[in-house]
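Colleague: I'm new to this one, so could you walk me through a few parts of it?

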Amino acid sequence: MRASRLVSILLLLQTRGRMTAQELADRLEVSVRTIYRDVESLHSAGIPLYGDAGPKGGYQLLDGYRTRLTGLTADEAESLFLAGLPGPAAELGLGAVVTAAQLKLMAALPVELRDRAGRIQERFHLDAPTWYRDREPVTYLPAVADAVWNERRVQVRYRRWKAPQEVERRLEPYGLVVKAGRWYLVARSGEQVRTYRVSQILDLHPLPERFTRPEGFDLAAYWRDYLAEFESRLRWGQAEVRLSPHGMQRLADLMTPGVVEAARESARGPDERGWTLVTVPIESIEHATGEFLRLGTDAEVLSPLELRHRMAATTAELSERYRAS
């Protein structure tokens, strides 16, 4: 959304001439401080934008400067049509807006670039959600997005996995992330920045007061750090496992990328039967039992002993149940 706001500032100044920071802030429904930061970003990007102080001052583009969509290269034009996320845009209520924007862009492109961009849409389609998953209800997504955009505090009732499961939180929404079809809100609560799953918001009330987003907060960098920390919390131990040749092949289809990578890096063998010994991270005994059972007879857990015993007990119970029936 910030990239869209920068373009909006550029187009406003191009079409209206001189505008004050307050006028831009009112037009885009953000704080004046946000406009100052955005203008600095445009300066850094080489946009010939200057400002004058005083009652008749304001920001203005250098005379004669105009944005030109026809200056796009072929690769740039194609990449714009690959960058769209039709599903998430529709969930935000922006599906029609995205379609209209693409039509305007297509109309502005030279014929040769228009043809190439059109072929991209005919040949590539991005489907972000994972397999075998129903679409999550995101009732409050538009309200959350509005609070993010307008830097407005919200009061939410949120359902989490640990007790007490339902909690009240006053949040300062910094940004939204969509991963594998699921929406996550990055927001400050008290002194900490945390991640909240939008589908777990049970109730939301916008508050009248606004907040100032921390200067320099990098949403992409925060998300990378969050994922790394999340992965490290999940993996509390390791397991030694023997895998058949078929088991090694099936690993990539059944396990997470972290487990697959660890298995390939630690692989020892194969032995005379073609089996390979690997060391992989595990989340818990219960979780690992279910994961390795998916490999059936193509895997044998050697350690830890608690996991090996759990695998033996589970398979023995299954054998008895099917034999009895």
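Here is a short chat about one strand with its neighbours, and then about a cavity.

Modeller: Before you start, this is a predicted model, where local features need pLDDT of at least 70, side-chain atom pairs count only at pLDDT 80 or more, and totals for chains, interfaces and linings use all residues. Residues are numbered from 1 along each chain as its sequence is written, and side-chain values use heavy atoms, with hydrogens and water left out.

Colleague: How many residues of strand β5 are buried?

Modeller: Strands here are DSSP runs of E, at least two residues, numbered from the N terminus. Buried means under 20% relative accessible area with a 1.4 Å probe, protein chains only. β5 covers residues 182–189 and is largely enclosed by the rest of the structure, because the buried count is 6 of the 8.

Colleague: Which residue is the bridge partner of V186 in β6?

Modeller: Two strands pair if DSSP finds at least two bridges between them. β5 and β6 (residues 192–197) do so in the antiparallel sense, over 6 bridges. They form a hairpin with 2 residues between them, and G190 in the turn has a positive phi of about 70°. Within β6, V186 is matched with T195.

Colleague: And how many bridges join β4 to β5?

Modeller: β4 spans residues 166–179 and runs antiparallel to β5. One of the pairs is K179 with R182. The bridge count for β4 and β5 is 7.

Colleague: What classes of residue line the second largest cavity?

Modeller: Val, Leu and Phe are among those that count as nonpolar. V241, L243, L251, V259, V278, V280 and F292 have an atom within 4 Å of a cavity point, which makes them the lining. By class, that lining has no polar and no charged residues, and 7 nonpolar.

Definitions and conventions. On a 1 Å grid over the protein atoms alone, a cavity is a set of points where a 1.4 Å probe fits but cannot get out, and a pocket is an open set with protein on both sides within 12 Å along at least five of seven lines; lining residues have an atom within 4 Å of a point. Buried means under 20% relative accessible area, exposed over 50%, partly exposed in between (1.4 Å probe, protein chains only). Helices (H or I, at least four residues) and strands (E, at least two) are DSSP runs, numbered from the N terminus.
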